[in-house]
Amino acid sequence: MAITDAPKIITRRIEHPDSHTLERYLATGGYEGLRKALTMTPEAVAHEVDTASLLGRGGAGFPAGRKWAMLRKNPVTFLVVNGDESEPATFKDHLLIERDPHQLIEGVMIAAYALQVSQVFIYLRGEFALGLERTQAALNDAYSHGAVGNDIFGSGFSVDVVVHPGAGAYICGEETALLESLEGKRGFPRIKPPFFPAAIGLYGEPTVVNNVETMSNLPWIVLNGGAAFAALGEGRSTGTRLFALAGHVNNPGVFEIEMVKTTFHDLVYAPVLGGGIPHGRELKALIPGGVSAPWFGPDQIDLPLGQDEVADAGSMLGSGSVVVMDDHTCAVRASWRITKFFARESCGQCTPCREGSGWLEKIMERIETGNGREEDLDLLLDACDNIAPGLTWPPQQTTICVLGPSIPSSIGSAIQMFRDEFLVHIKEGGCPFD
Amino acid sequence: MSDTAQPQPQPAPMTARRPTGGPAATLAHLSPATATRARNLIALYPETRSALIPLCHLAQEQEGWLTPGVMVDIAALLNVTPAEVLGTATFYDMLHTEPVGTHVVSVCTNIACLLNGAMELLEHAESTLGVNAGGTTPDGVITLEEAECLADCDATPCVQVNHRYVGAQTPESFDALMSDLRSGARSADIPNHGTLNRVERTTGLQADRGQIAAERAATAGAQSERAAAAKQAGS
C-alpha cells in the first residue's frame with residue numbers, strides 16, 4: 001500500500017487563493033465539461049457517470065448512476081444538492097463549497113442536463129456564511145457567463161439554480177429531512193421505504209438528491225470519460241475521494257486520495273498526509289466515516305480506504321472523515337460527547353432515538369463525572385439494544401431514519417475496546433485522565 | 001330553555017384562521033427594503049412556503065432575532081399562520097425566537113475540537129465573559145453558544161462569530177477577539193448577528209415557467225395514474 005500519483009480530480013484548483021472566482025475557473029479548464037456534455041445526449045452523459053461507477057459521497061455510498069436511473073421513467077424531476085455537511089469531523093464539502101463553487105455549479109449543470117431537470121436547489125448548511133456568499137456570487141457569474149439559466153451556451157437547454165440556506169440542524173443532512181426543510185418545515189425525516197425521493201420527493205414529485213462532492217466529480221468524469229475514473233481505485237470503490245482527517249494528528253486537513261490504494265496508516269502517518277501523532281504519542285483508536293461509525297483500534301490501521309474493505313471490517317467509510325485519538329484520550333469522555341451530540345440533534349419523532357439518546361447521554365455523563373454505577377455498563381448496552389436491536393453492524397433500525405441506529409456505535413465501540421477504562425471511572429469515582 | 005337566553009357567539013369558521021395573505025400582503029414589521037428582498041426570494045420557489053427559512057434569515061437581519069412581529073409578516077407573505085412560522089423556526093439552531101447579542105459566539109466542543117482543548121476554551125469563555133453557554137452578556141454584545149461540529153476541524157478548537165469562521169482559538173486569542181468585537185475592529189468581515197448572506201442574487205429565474213408547470217402537471221398525472229393502477233391491482 002502506498003500513496004499513488006493518481007490525478008487530483010476535485011482539489012486541483014484549490015492551491016490558488018482565487019480558486020473561487022470565475023476568472024480562475026475559466027483559466028483552469030472551467031465549464032469545458034459542461035460544454036462537452038451539451039454536445040452529447042443526456043443518456044450518453046448518464047452512461048458516463050454509470051461507467052465511472054461513482055459512489056455517492058454523502059455517506060451511504062449509493063451509486064449515483066443507479067440513483068439517476070430510477071428517475072428516468074418519470075417526465076420531470078427536481079435535482080437537489082445536499083450541501084448540509086454536518087457529520088462531526090467532516091469538512092470536505094465545506095472546502096469544495098468555499099474554494100471551488102464553480103466546479104460544484106458545473107457538476108450540477110451536467111447532472112441537470114443528464115436528468116433533463118429544469119430546476120435545481122443547492123441546499124447549503126446555514127453555518128457556511130462564506131460558502132453561501134461565494135456560491136451565490138459564483139452562481140451570479142455563471143448566469144452572466146451563460147452557463148446557467150436560459151439557453152445554456154446556445155444549446156437550447158435551460159435550467160435555473162437556487163442556492164437555499166439551511167438553518168442549523170444536523171438531521172437536515174438526511175435527504176428526506178432536507179426536502180422537508182426545503183419545503184419550509186421542521187426537518188423531520190420521512191418514512192421510507194416504500195417511497196424514496198426518486199418516487200416522491202420535493203413537493204411530492206420525483207427528486208434526485210446528490211451530495212456536493214458527488215456533483216463536483218462530474219466535470220472531470222465528462223471530460224475524461226467514466227472509464228478513466230473507474231480505472232482509479234479498486235473494485236466497487238472507484239476514483240479518488242476526499243478524506244477529512246482531524247483529531248490528534250500533526251497535519252489535519254482534507255486530502256484527495258485514490259480509493260483502496262491507501263491505508264488508514266498512510267493517511268495518519270505519511271508525511272505528505274497526516275504527518276503522524278503529535279508529541280510522539282501512540283494511537284489509541286480512530287473513528288472512520290463520521291461519529292456514526294464504529295471505531296477501529298491500532299490493529300486495524302492497515303485497512304485500505306475502500307468502501308467494502310471498511311464495511312467488511314465492521315465499520316463504514318461514511319462521510320469520509322477520520323478522527324484520530326491518541327493514548328492520552330479518555331474513551332468515556334469522547335463517546336459521551338458524541339452521544340450528547342446525538343441527543344441534541346435527534347429530531348424527536350421516534351421514541352427509541354429521542355428517549356434513548358437522552359438516557360445514554362445522562363448515563364455517560366455520570367460515569368465520566370464520577371457518579372457511575374457498576375450496573376451502568378449493562379444499562380448502557382441495554383438502552384443501545386433498544387435503539388438498534390442486537391447491536392449488529394450494519395445496525396437494525398427501529399426508527400424512521402438512520403440517526404437512531406447511529407447512536408450506539410460510539411458507546412458500543414468504547415465499551416468493547418476500553419471496558420477497563422469505564423470500570424476505573426466507576427470504581428475511582430472520576431476520570432483518570434483529568 | 002327560557003326565552004331570555006342570550007345567543008352564544010359563534011366561533012369563527014376554520015378558514016378564517018388562515019391568513020388570506022400572499023406576497024402582496026400588507027406588512028407592519030418588515031422594512032420596505034426587506035419586504036422587497038423577501039418577495040424576490042419567494043419568486044424563486046415553485047411553492048411559496050419553501051421561502052420560509054430564507055425569509056427567517058432575512059428577517060433576522062433587522063433585529064438579530066425573529067421578533068413576534070416579523071414572524072407575523074413572514075406568515076402573511078407566505079400565506080401560512082404565524083404558528084407555522086414559529087413551529088419551523090424553533091426547530092433550527094440558527095433561528096432565534098428570543099433576543100440574542102449583537103455577536104453570537106459559537107464554540108464547538110464536538111469530537112475533533114474536544115480532542116484539542118475545546119472544553120477548556122469554553123470554560124475560559126464562560127468565566128471571562130461571565131455567562132454560561134447559552135447566555136448573553138449584560139451589555140447585550142455577546143451571546144455565547146456551545147456549538148456542534150462547525151465543519152472546520154483542521155482549525156481546532158473551532159469558533160464562529162455570527163457564523164463567520166475566525167480560525168483556531170487559544171484563550172489569549174479568544175480574549176483579543178472579544179475586545180475586537182466590542183470595539184468594532186472586526187465589523188468589516190463580521191457583520192452583526194442576523195446578516196448571513198451579503199451577496200444578493202442578481203438574476204431572476206430564466207427557464208420557461210410555463211413548460212415547467214406543464215411538466216409538473218404531467219408528472220402529477222402519471223403519479224396518480226400509477227397510484228390508481230396499483231390500487232386496482234391491490235383490490
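The exercises below, each with a worked solution, deal with a predicted model of two chains, A and B.

**Exercise 1. Confidence**

State which scores the predictor gives the complex, and what the average pLDDT of chain B is.

Solution.
- Step 1: The complex as a whole has an ipTM of 0.95 and a pTM of 0.95.
- Step 2: For chain B the average pLDDT is 91, and 91% of its residues score at least 70.
- Step 3: Where pLDDT is low, predicted coordinates should not be read in detail.

**Exercise 2. The overall form of chain A**

Decide whether chain A is as compact as a globular protein of its length or more spread out.

Solution.
- Step 1: Begin with the secondary structure: chain A contains 18 helices and 10 strands.
- Step 2: The radius of gyration of chain A is 22 Å, close to the 22 Å that the globule rule gives for 434 residues, so chain A is as compact as a globular protein of that length.
- Step 3: Along the principal axes, the box filled by the C-alpha atoms of chain A is roughly 75 × 45 × 35 Å.
- Step 4: Of the 434 residues in chain A, 61% are buried.
- Step 5: Among contacts in chain A with a separation of 6 or more, 72% come from residues 24 or more positions apart.

**Exercise 3. The overall form of chain B**

Carry out the same kind of analysis for chain B, beginning with its helices and strands.

Solution.
- Step 1: Chain B has eight helices and four strands, and their order along the sequence is α-α-α-α-β-α-α-β-β-β-α-α.
- Step 2: The radius of gyration of chain B is 24 Å, whereas the globule rule gives 18 Å for 235 residues; the value is well over the rule, so chain B is more spread out than a compact globule.
- Step 3: The C-alpha trace of chain B spans about 70 × 60 × 40 Å along its principal axes.
- Step 4: Buried residues account for 41% of the 235 residues of chain B.
- Step 5: Of the contacts in chain B between residues at least 6 apart in sequence, 63% join residues at least 24 apart.

**Exercise 4. The contact between the chains**

Find how many residues each chain brings to the contact, and which element of chain B gives the most to its side.

Solution.
- Step 1: Chain A brings 60 residues and chain B brings 52 residues.
- Step 2: On the side of chain B that touches chain A, the elements supplying at least two residues each are helix 2 (52-63), helix 4 (82-89), helix 5 (111-114), strand 4 (164-165) and helix 8 (209-234).
- Step 3: Helix 8 of chain B gives the most, with six residues.
- Step 4: By class, the chain B side has 27 nonpolar, 13 polar and 12 charged residues.

**Exercise 5. Two packed helices**

Determine whether helix 16 and helix 18 of chain A are roughly parallel or roughly antiparallel.

Solution.
- Step 1: Two packed helices are described by the angle and the distance between their axes.
- Step 2: The axes of helix 16 (residues 376-387) and helix 18 (residues 408-428) of chain A come within 10 Å and cross at roughly 175°.
- Step 3: Angles over 145 degrees count as roughly antiparallel, so helix 16 of chain A is roughly antiparallel to helix 18 of chain A.
- Step 4: Residues of helix 16 in this contact include L377(A), L380(A) and C384(A), and those of helix 18 include I411(A), I415(A) and F422(A).
- Step 5: The contact of the two helices has 10 nonpolar, one polar and one charged residues.

**Exercise 6. Backbone exceptions**

Locate two cis peptide bonds, one from W393(A) and one from T156(B), and then two residues with a positive phi, Y31(A) and D151(A).

Solution.
- Step 1: Most residues other than glycine have a negative phi, and most peptide bonds are trans.
- Step 2: The bond from W393(A) to P394(A) is cis, with omega near -5°; P394(A) lies in the loop between helix 16 and helix 17 (403-406) of chain A.
- Step 3: T156(B) and P157(B) are also joined by a cis bond, with omega about -5°, and P157(B) sits in the loop between strand 2 (142-147) and strand 3 (159-161) of chain B.
- Step 4: Y31(A), not a glycine, has a positive phi of about 65°. Its place is the loop between helix 1 and helix 2 (32-39) of chain A.
- Step 5: Y31(A) counts as buried because it has 22 C-beta neighbours inside 10 Å, and the cut-off for buried is 20 or more.
- Step 6: D151(A), not a glycine, has a positive phi of about 50° and lies in the loop between helix 7 (129-145) and strand 3 (160-165) of chain A.
- Step 7: D151(A) counts as exposed because it has 12 C-beta neighbours inside 10 Å, and the cut-off for exposed is 12 or fewer.

Technical notes
Residues numbered from 1 in each chain as written. Chains lettered and ligands numbered in written order. Predicted model: local features only at pLDDT ≥ 70, side-chain atom pairs only at ≥ 80, totals over all residues. Contact = placed C-beta atoms within 7 Å. Nonpolar A, V, L, I, M, F, W, Y, C, P; charged D, E, K, R; others polar. Rg over C-alpha atoms; globule rule 2.2 N^0.38 Å. pLDDT = per-residue confidence, 0-100. Axes fitted to C-alpha atoms, helices over the stretch in contact; angles between N-to-C directions. Parallel < 35°, antiparallel > 145°, perpendicular 65-115°, else oblique.
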